[in-house]
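Here's a quick tour of the fold, starting with the sheet and then moving on to the helices. Keep the 3D view open as you read.

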Amino acid sequence: MRRATITRKTAETAISVELNLDGTGQYDNQTGVGFFDHMLDQLSRHSLIDMTIRAEGDLHIDDHHTVEDTGIAIGQALVAALGDKKGIRRYGECHLPMDDAQVRAALDLSARPFLIWNVDFTAPKIGTFDTELVREFFQALATHGGITLHIDQIHGFNAHHVAEAAFKAVALALRIAVETDPRKADAIPSTKGAL
């Protein structure tokens, strides 16, 4: 069973993440940040990774620590659930349209974290949510999940649509990458023999 539970507690946040890579996209995410919960729900639903996330953070300061630390914990949970990565497809990509927005995500579960971020928001906030935190989340996810992650905005002017398209594109790319490859289910997808 490709499942993992991660708990992370600091002076700023207390976070628990439960993942099931072989789920159906069931989610129960409660971070105290409404827009972020909506994005995490999209990440779960479209990746078909079951997620239960609980976060308590220093929201009286701002949402930054909660968003970043949740990205860290999800990345750590992905690493734990993937184990030695035997049999996975490893790579995934998606061009995701959402109304005015189109975002492309491509990723490699390489254990070599790197984020390429070509997204420009037209507004500093979506409701009360700072749009710059979208990048912070994906930076934390890539770093702690060992993911080479490229996210490119093709076009789009509505900040909500651009952010949601980014989360959905990453979700669909992740769905492909974590799937078992029926042609090589017994092998690690690397000529090095390890990831």
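At the heart of this briefing is an open sheet of four strands, ordered β1-β2-β4-β3, with mixed pairing. The edges belong to β1 (3-9) and β3 (27-30), each of which pairs on one side only. From one strand to the next, the twist averages 5°. Bear in mind that this is a predicted model.

**Inside the sheet**
- Strands of a sheet pair through backbone hydrogen bonds, in either a parallel or an antiparallel sense.
- Here, β3 runs parallel to β4 (residues 50-57), and four bridges link the pair.
- To find your way along β4, look for isoleucine 53: asparagine 29 stands opposite it.

**Helices on the sheet**
- Lying across β3 and β4 is helix α1 (residues 34-47), which runs at about 160° to β3.
- Helix α2 (residues 64-82) packs on the sheet too, where it touches β1, β2 (13-20) and β4.
- The direction of α2 makes about 35° with that of β2.

**A look at α4**
- Helix α4 covers residues 159-178, 20 residues in total.
- From first C-alpha to last, α4 reaches 29 Å, close to the 28 Å expected at 1.5 Å a residue.
- Is α4 mostly covered or mostly exposed? It's mostly covered, with 16 of its 20 residues buried.
- The N-terminal end of α4 is capped by asparagine 158. A side-chain oxygen of asparagine 158 sits 3.0 Å from the backbone nitrogen of histidine 160.

Definitions and conventions. Residues are numbered from 1 along each chain as its sequence is written. This is a predicted model: local features need pLDDT of at least 70, side-chain atom pairs count only at pLDDT 80 or more; totals for chains, interfaces and linings use all residues. Side-chain values use heavy atoms; hydrogens and water are left out. Two strands pair if DSSP finds at least two bridges between them. Helices (H or I, at least four residues) and strands (E, at least two) are DSSP runs, numbered from the N terminus. Axes are lines fitted to C-alpha atoms, for helices over the stretch in contact, and angles run from 0 to 180 degrees between N-to-C directions. Contact means heavy atoms within 4.5 Å. The expected span of a helix is 1.5 Å times one less than its number of residues. Buried means under 20% relative accessible area, exposed over 50%, partly exposed in between (1.4 Å probe, protein chains only). A polar contact is a pair of N or O atoms within 3.5 Å; within protein, one must be able to donate a hydrogen and the other to accept it, and residues adjacent in sequence count only if both atoms are side-chain atoms.
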